[in-house]
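I opened this entry to log what I looked up in the model. The order follows my queries.

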Amino acid sequence: MAEMTLAKALNASLRRSLAHDDRVLIMGEDIGTLGGVFRVTDGLKAEFGGDRVMDMPLAESGILGMAVGLAFKGFRPVVEIQFDGFIYPAFDQIVTQVAKLHYRTRGNVRMPITIRVPFGGGIGAVEHHSESPEAYFAHTAGLRVVTCSTPQDAHTLLQQAIWCDDPVLFFEPKRRYWTKGEVDEDALDRDDVLPMGSARVVVPGSDVTLVTYGPLVATAIDAAAAAAAGSGGGDADTVSIEVIDLRSLAPVDVDTVVASVAKTGRLVIAHEAQRTGGIGADLAAELTDRCFYHLEAAPQRVTGFDIPYPASRHEEHFLPDLDRILDAVDRTMGRRPALYAGAVL
Amino acid sequence: MPSSLSESRESQPRASAPHDRPVQLLDPSGRRVPHAPYDDYVADVSGDQLASLYEDLVIVRRLDVEATALQRQGELGLWPPLLGQEAAQVGSARVLRPDDFVFSSYRENAVAYCRGVKLTEMLNVWRGTALSGWNPYEVGMATPAIVIGTQALHAMGYAVGAKLDGEDSVAVAYFGDGATTQGDVNEAMVFAASFRAPVIFFCQNNQWAISEPVTLQAQRPIADRAPGFGIPSVRVDGNDVLAVMAVMRRAVEQAREGGGPTFIEAITYRMGPHTTSDDPSRYVDPLEREEWAGRDPLARVEAHLREAGGLDDALAASIARRADEAAAEFRAGCTEQVDPPPLTMFDHVYAEPHRGVDEQRRQFGEYLESFEEGVN
């Protein structure tokens, strides 16, 4: 075990993957000599050479299209998209080619491409540097979508994504890059390691299930602690929140969420991404379908608003925080009025 | 002066002056014309070899005509004819080795034929029984790209991979004049130059992107763009199979020796519609088409061979018979294709198990079974 930041854990994970299989290639803008704008690939070019860790010309579609050709040739490319908001030029290659080639070729051609994307806000950045585009990719058949929230998961899940024979969008919570945690670098060798597609119960609880992923997992843990402490009104004032980190957004480990909601009867879903068509909308529909008779209250979503990501001086209001999460928890508990009470005439 | 944007666009010249004379070794009458240094690249192409290329041209045209008929008879949903482009495709594809790799658009069925794709496997896509017909690794050719120009990047990436693997194989990207406007084709050229990738950009300028003339895409010869990326380019008479073979051999030789990419603009003409759903009478000038009919890629080889004594009526008849046999096999392979069972649409979405798709397949299977006799 070693303590390291989430960014360092990703770096260690990439190093391990490069050492393990010489078909693994790292591609991206500024990822070689500079080591990436977040330094996630720091030192890898020096260690593995410019043929394994390749600085790319500045064209995201070009990079993904090149990765497709390399995958045809039997390589296992790991692509870094510098910021979430820069992935859109590559959207065509990802959706029309990366996602569909295995299906189109009836399984003859594999696309084991990992696309790393620093995502989410909270760092006071300019436009296009704080977005959460995961739902576009979760909606696209043929892709897998994974996020991490801890250094250990960053280390484990990224390796699992790279070994996966399907294309994986790997979303990294950029405002948590500097979060430190203990990392067992040999975790993958253990028998009890969860598969990449599994959700994780982070905090056990009994009253409300709070589902989130990526950067908001830490916020959810804080919310659970605050709810457990109550507001000073004694036991009747506290709420026991079960926090689930989805980790995999496509496919979602619905069974883990179902088991929790069957127990708690209440569901709150939180993500930074806009609400409409989001991961939360789909999960609310799935859970309503599967846990209808267990639900004590309508599932609640705590999300970014349906506006473009705002200027950084607005982002503290745009991003779901502890108070907005607890507000939703209170509504499922009947402690605050339901948002749409009386709306149906 | 044109008064509006649309008028100014429509008044553009139909053809730009070429940056140099396109390489031509057989003129439309079948006369052999010298063009250094390309003569040397086909010095070995003797009468028999030329007759073999002629047979390819006859067969791929016969197959193409058969496929159009199959579409008209309702056996295929759609077909993109290559009529007029036979020499560009055969002349280039016949240069390649089995370990080279082709990334093409949907019109390169003569390339597929040359790569050894089974005749019936060319038709699955157009009949709708599958999204692709063949295993790319068995023939060294990816299944066709429908999104315009996307495959240029894949060819470049594959070529970089071949270079990383220390091989001397090459990758070829086939695309049309319309695709040269796409960012992907231009990005592929930037990357190919940056990585000095062993890739050939083979542009069949057939003058039309559905209804849009090439002048909407390019104000100068398309081949002129490549040197700006640091890539040598050449224009060739795309209806001259010998000239196409010569320029392709030179480009491939340079790529194998580490010389990097080449851009080839094969000047040809789409004699048919864009696809069987298209109506070129709405936009093609019949005189223009007639002019190109006089530059037919088959007629000049036939004339040359007959003049040189490499083709007589008996050989021509036997080639025609082989073409008819291929067409019959093509037709049978089409009409014998049965619709796939419904649940196979869930196959191969992912290489590894996927809880979502697996569950939907199971549920849909149960749903279908619920209608079977004896259930309910």
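**Entry 1: a salt bridge in chain A**

I began with A:Glu242, which forms a salt bridge with A:Lys263, the closest N and O atoms being 2.7 Å apart. I then looked up where the two partners sit: A:Glu242 is in strand S11 (residues 241-245) of chain A and A:Lys263 is in helix H9 of chain A, so the pair ties together parts that are 21 residues apart in sequence. The model is a predicted one, and I read side-chain atom pairs with that in mind.

Is A:Glu242 buried or exposed? I noted A:Glu242 as buried, because its relative accessibility is 4%, under the 20% cut-off. A:Lys263, at 49% relative accessibility, counts as partly exposed.

**Entry 2: A:Ser260**

I stayed with helix H9 (residues 254-264) of chain A, which also holds A:Ser260. A:Ser260 has 2% relative accessibility and therefore counts as buried. Which residues does A:Ser260 contact, leaving aside its neighbours within four places in sequence? I found A:Thr209, A:Glu242 and A:Ile244. A:Glu242 is thus on record twice in my notes, as a contact of A:Ser260 and as the salt-bridge partner of A:Lys263.

**Entry 3: further salt bridges**

I ran the search over the whole structure, and it returned 48 salt bridges over all chains. I looked at two more of them.

A:Glu286 and A:Arg290 form a salt bridge with 2.8 Å between the closest N and O atoms. Both residues lie in helix H10 (residues 279-291) of chain A, four residues apart, about one turn of the helix. I logged A:Glu286 as partly exposed at 26% relative accessibility, and A:Arg290 as partly exposed with a relative accessible area of 33%.

In chain B, I took the salt bridge of B:Arg270 with B:Asp278, where the closest N and O atoms are 3.6 Å apart. B:Arg270 counts as buried at 2% relative accessibility. B:Asp278 is buried as well, with a relative accessible area of 17%.

**Entry 4: the two domains of chain A**

Chain A is divided into domain 1 (2-189) and domain 2 (200-332). I noted 27 Å between the C-alpha centres of domain 1 of chain A and domain 2 of chain A. In the contact, 25 residues of domain 1 of chain A meet 23 residues of domain 2 of chain A. The two domains bury about 1800 Å² between them, and carbon and sulfur atoms give 53% of that area.

How many salt bridges did I find between domain 1 of chain A and domain 2 of chain A? The count is three salt bridges. I also looked up A:Asp153, which forms a salt bridge with A:Arg200 at 3.6 Å between the closest N and O atoms. For polar contact, the rule finds 13 residue pairs across this domain interface. On the domain 1 side, helix H6 (134-138), strand S6 (144-147) and helix H7 (151-163) of chain A each supply at least two residues. S6(A) gives the most, with four residues. By class, that side has 11 nonpolar, nine polar and five charged residues.

**Entry 5: chain B against chain A**

I moved on to the contact of the chains, which takes 44 residues from chain B and 49 residues from chain A. Chain B and chain A bury about 3700 Å² between them, with 58% of it on carbon and sulfur atoms. The rule finds six salt bridges across this interface. I looked up B:Asp165 and A:Lys73, whose side chains meet in a salt bridge at 3.2 Å, N to O. These two residues are linked with A:Arg23 and B:Glu167 in a network of salt bridges.

I counted polar contact too: 26 residue pairs across the interface of chain B and chain A. Several elements of chain B each supply at least two residues of the side that touches chain A, among them strand S1 (101-103), helix H8 (150-164) and helix H14 (355-369). Which element gives the largest share of that side? H8(B) does, with 10 residues. The residues of the chain B side divide into 23 nonpolar, 13 polar and eight charged.

**Entry 6: B:Cys114**

My last lookup was B:Cys114, in helix H5 (residues 109-115) of chain B. B:Cys114 counts as buried at 12% relative accessibility. Leaving aside neighbours within four places in sequence, I found B:Cys114 in contact with B:Val90, B:Ala93 and B:Arg94.

Conventions: Residues numbered from 1 in each chain as written. Chains lettered and ligands numbered in written order. Predicted model: local features only at pLDDT ≥ 70, side-chain atom pairs only at ≥ 80, totals over all residues. Heavy atoms only, no water. Domains from an automatic or database assignment. Contact = heavy atoms within 4.5 Å. Buried area = accessible area lost by both parts, 1.4 Å probe. Salt bridge = Lys/Arg side-chain N within 4 Å of Asp/Glu carboxyl O. Polar contact = N/O pair within 3.5 Å; in protein donor to acceptor, adjacent residues only side chain to side chain. Nonpolar A, V, L, I, M, F, W, Y, C, P; charged D, E, K, R; others polar. Buried < 20%, exposed > 50% of the residue type's maximum accessible area, 1.4 Å probe, protein only.
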